[in-house]
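Reader: Before any label is accepted, the reasoning behind it should be set out. Please take the assignments in turn and give the grounds for each.

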Amino acid sequence: MPTQSAPSKKAKPRDPIAVGDRDAAVNRAASHNYFLTDRFEAGVALRGTEVKSIREGKANLKDSYGLVKDGECFLLNAHIGPFSHGNVENHEATRTRKLLLHKEELRKLAARTREKGLTLIPTRLYFRRGKVKCELALAKGKQDWDKRESERSREADREAKAAIARGQRR
């Protein structure tokens, strides 16, 4: 009698955020409110429940910013919601988190943020090889007329693409 093998289970697809295929959190308001220049990748010192919350997609970078102080870099006002299966030991949602950077990068950021009008803005949170990373950008604030100019140029690009698409359809 031939032996029959058990029917193979189809592998459940991994969460795209956890694998690193998709960003866990994106600060979309950053490019609207600031001119973004240099970008840096930093690790984030987190607690276990914070990592699990980020995997669930409960992170928000909207009002957050970076601060270089005493040779260390910190992420302030980043909101990471409480873990759904957490307990009394759950983390505080908007606590100050330490950013992990190389000393040379820290020196460069400290010098650049001392310049008038430059600040550190986190643009996205994502996973790389199982670790949470934060992309920081040096930013200079936009005036209202800068924002209107950006919107005008975006609208012009959109109309040009639509015109090209219409021309190709004919």
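**Grounds for the assignments**

Author: In this predicted model, the charged end of Arg124 lies over the ring of Tyr126, at 4.0 Å from the ring centre.

Reader: What makes the distance between Arg124 and the ring of Tyr126 sufficient for that description?

Author: The distance from the charged end of Arg124 to the ring centre of Tyr126 is 4.0 Å, and the cut-off is within 6 Å, together with an angle within 35 degrees of the ring normal. The pair is therefore listed as a charge over a ring.

Reader: How many aromatic pairs does a search of the whole structure find?

Author: The search returns zero aromatic pairs. A pair would require ring centres within 6.5 Å.

Reader: How many disulfides are found, and why are Cys73 and Cys134 not bonded?

Author: Zero disulfides are found in the whole structure. A disulfide is a covalent bond between the sulfur atoms of two cysteines. The cut-off for the two sulfur atoms is within 2.5 Å. The sulfur of Cys73 has its closest cysteine sulfur in Cys134, at 8.6 Å, which is too far for a bond. For Cys134, the closest cysteine sulfur is likewise that of Cys73.

Reader: Why are Cys73 and Cys134 called buried?

Author: Buried means under 20% relative accessible area. Cys73 has 1% and Cys134 has 0%, so both satisfy the cut-off.

Reader: Why does Thr49 count as buried, and what does Thr49 touch?

Author: The relative accessibility of Thr49 is 18%, under the 20% limit, and Thr49 therefore counts as buried. Thr49 belongs to helix α3. Leaving aside residues up to four places away in sequence, Thr49 touches Phe83, Asn90 and His91.

Reader: Which residues of helix α3 are buried, and how do you know where on the helix they lie?

Author: Helix α3 covers residues 48–55, and its buried residues are Thr49, Glu50, Ser53 and Ile54. Viewed down the axis of α3, these residues fall within an arc of 140 degrees, so they line one face of the helix. Just after α3, Gly57 adopts a positive phi of about 85 degrees.

Reader: How many helices and strands does the chain contain, and why is the chain called more spread out than a compact globule?

Author: The chain contains five helices and nine strands. Its radius of gyration is 21 Å, whereas the globule rule gives 15 Å for 170 residues; the value is well over the rule, so the chain is more spread out than a compact globule. Along its principal axes, the C-alpha trace spans about 80 × 60 × 30 Å. Buried residues account for 30% of the 170 residues.

Definitions and conventions. Residues are numbered from 1 along each chain as its sequence is written. This is a predicted model: local features need pLDDT of at least 70, side-chain atom pairs count only at pLDDT 80 or more; totals for chains, interfaces and linings use all residues. Side-chain values use heavy atoms; hydrogens and water are left out. Buried means under 20% relative accessible area, exposed over 50%, partly exposed in between (1.4 Å probe, protein chains only). Helices (H or I, at least four residues) and strands (E, at least two) are DSSP runs, numbered from the N terminus. The arc is that of the directions from the helix axis to the C-beta atoms. Contact means heavy atoms within 4.5 Å. Rings of Phe, Tyr and Trp (its six-membered ring) pair if their centres lie within 6.5 Å; planes under 30 degrees apart count as stacked, over 60 as edge-to-face and the rest as tilted. The radius of gyration is taken over C-alpha atoms; the globule rule is 2.2 Å times the number of residues to the power 0.38.
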